[in-house]
Amino acid sequence: MIALLLRGNLLASAIGTVVGNPWTFPFIWAWTFSLGRWILGHADMIETLPQHISMNYIFDHPSQVLLPMLVGSLPTALVVWSLFFWIIYRLVEGYQKARHLRLEKAKRRLQLRKAREYAKQKRKTAE
């Protein structure tokens, strides 16, 4: 709905909704947190987060939660962006070529139709 109201890309919003939803966010967060801890060299340290993590805990302990997630999200975003950018780029490029061919074909048909109508009109006036 928001994409329609803002005249945004509906396909992009649908893909974003499928990937980023309440069912997938915990896995994404766990991945970025774990990767960030590994990059920072804290992977061997067993540090447990509270069972019911709260915003207060996150903001009171940013180096334990936010920093690893930030560090882990950067390479994740780079890899995911690269992969999806080239896939989507190729798909859009193929669609645009096919659309261009369809438009050219329709343009030729219209020109032929106009030429036939002109010839038909000319024959009528010649009679």
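I began with Thr76 and looked up which residues it touches once its neighbours within four places in sequence are set aside: they are Trp31, Thr32 and Leu35. The model I am reading is a predicted one, and I keep that in mind throughout. Thr76 itself is found in helix α5.

I then looked at the polar side of Thr76. Its side chain makes a polar contact with the side chain of Trp31 at 2.8 Å, and the side chain of Thr76 also reaches the backbone oxygen of Gly72, again at 2.8 Å. Both Gly72 and Thr76 are listed among the buried residues of α5, together with Pro68 and Val71.

Next entry: the two helices around this spot. What covers the buried residues of α5 includes α3, residues 25-39, and, looking from the other side, I noted that the buried residues of α3 pack against α5. Those buried residues of α3 are Thr32, Phe33, Leu35, Gly36 and Arg37.

How do the axes of α3 and α5 cross, and how close do they come? I find that they come within 6 Å and cross at roughly 100 degrees. Angles of 65 to 115 degrees count as roughly perpendicular, and I therefore describe α3 and α5 as roughly perpendicular to each other. On the α3 side the contact is made by Trp29, Trp31, Thr32, Phe33, Leu35, Gly36, Arg37 and Ile39, and on the α5 side by Pro68, Met69, Val71, Gly72, Ser73, Pro75 and Thr76.

I checked the lengths of both helices against the expected rise. Helix α3 has 15 residues and reaches 21 Å from its first C-alpha to its last, close to the 21 Å expected at 1.5 Å a residue. Helix α5 runs over residues 66-126, and its 61 residues should span 90 Å at 1.5 Å a residue; I find its end C-alpha atoms 85 Å apart, which agrees.

I moved along α5 to its aromatic residues, having noted that the count of aromatic pairs comes to five. One of them is Trp81 with Phe85, a stacked pair with 5.0 Å from centre to centre and 20 degrees between the planes. Both residues lie in helix α5, four residues apart, about one turn of the helix. Is Trp81 buried or exposed? Its relative accessible area is 51%, so I enter Trp81 as exposed, the cut-off being over 50%. Phe85, with a relative accessible area of 32%, is partly exposed.

The rings of Trp86 and Tyr89 have their centres 5.6 Å apart and their planes at 75 degrees, so I record this pair as edge-to-face. Trp86 and Tyr89 also both lie in helix α5, three residues apart, about one turn of the helix. Trp86 counts as partly exposed at 45% relative accessibility, and Tyr89 is likewise partly exposed, with a relative accessible area of 38%. I entered Trp81, Phe85, Trp86 and Tyr89 together, as they form one aromatic cluster.

Last entry: backbone angles. Most residues other than glycine have a negative phi, and I looked for a departure from this. Arg7 has a positive phi of about 55 degrees although it is not a glycine. I place Arg7 in the loop between α1 (2-5) and α2 (10-19), and at 76% relative accessibility Arg7 counts as exposed. I also noted that Gly41, just after α3, takes a positive phi of about 85 degrees.

Terms used
Residues are numbered from 1 along each chain as its sequence is written. This is a predicted model: local features need pLDDT of at least 70, side-chain atom pairs count only at pLDDT 80 or more; totals for chains, interfaces and linings use all residues. Side-chain values use heavy atoms; hydrogens and water are left out. Helices (H or I, at least four residues) and strands (E, at least two) are DSSP runs, numbered from the N terminus. The expected span of a helix is 1.5 Å times one less than its number of residues. Buried means under 20% relative accessible area, exposed over 50%, partly exposed in between (1.4 Å probe, protein chains only). Contact means heavy atoms within 4.5 Å. Rings of Phe, Tyr and Trp (its six-membered ring) pair if their centres lie within 6.5 Å; planes under 30 degrees apart count as stacked, over 60 as edge-to-face and the rest as tilted. A polar contact is a pair of N or O atoms within 3.5 Å; within protein, one must be able to donate a hydrogen and the other to accept it, and residues adjacent in sequence count only if both atoms are side-chain atoms. Axes are lines fitted to C-alpha atoms, for helices over the stretch in contact, and angles run from 0 to 180 degrees between N-to-C directions. Angles under 35 degrees count as roughly parallel, over 145 as roughly antiparallel, 65 to 115 as roughly perpendicular and the rest as oblique.
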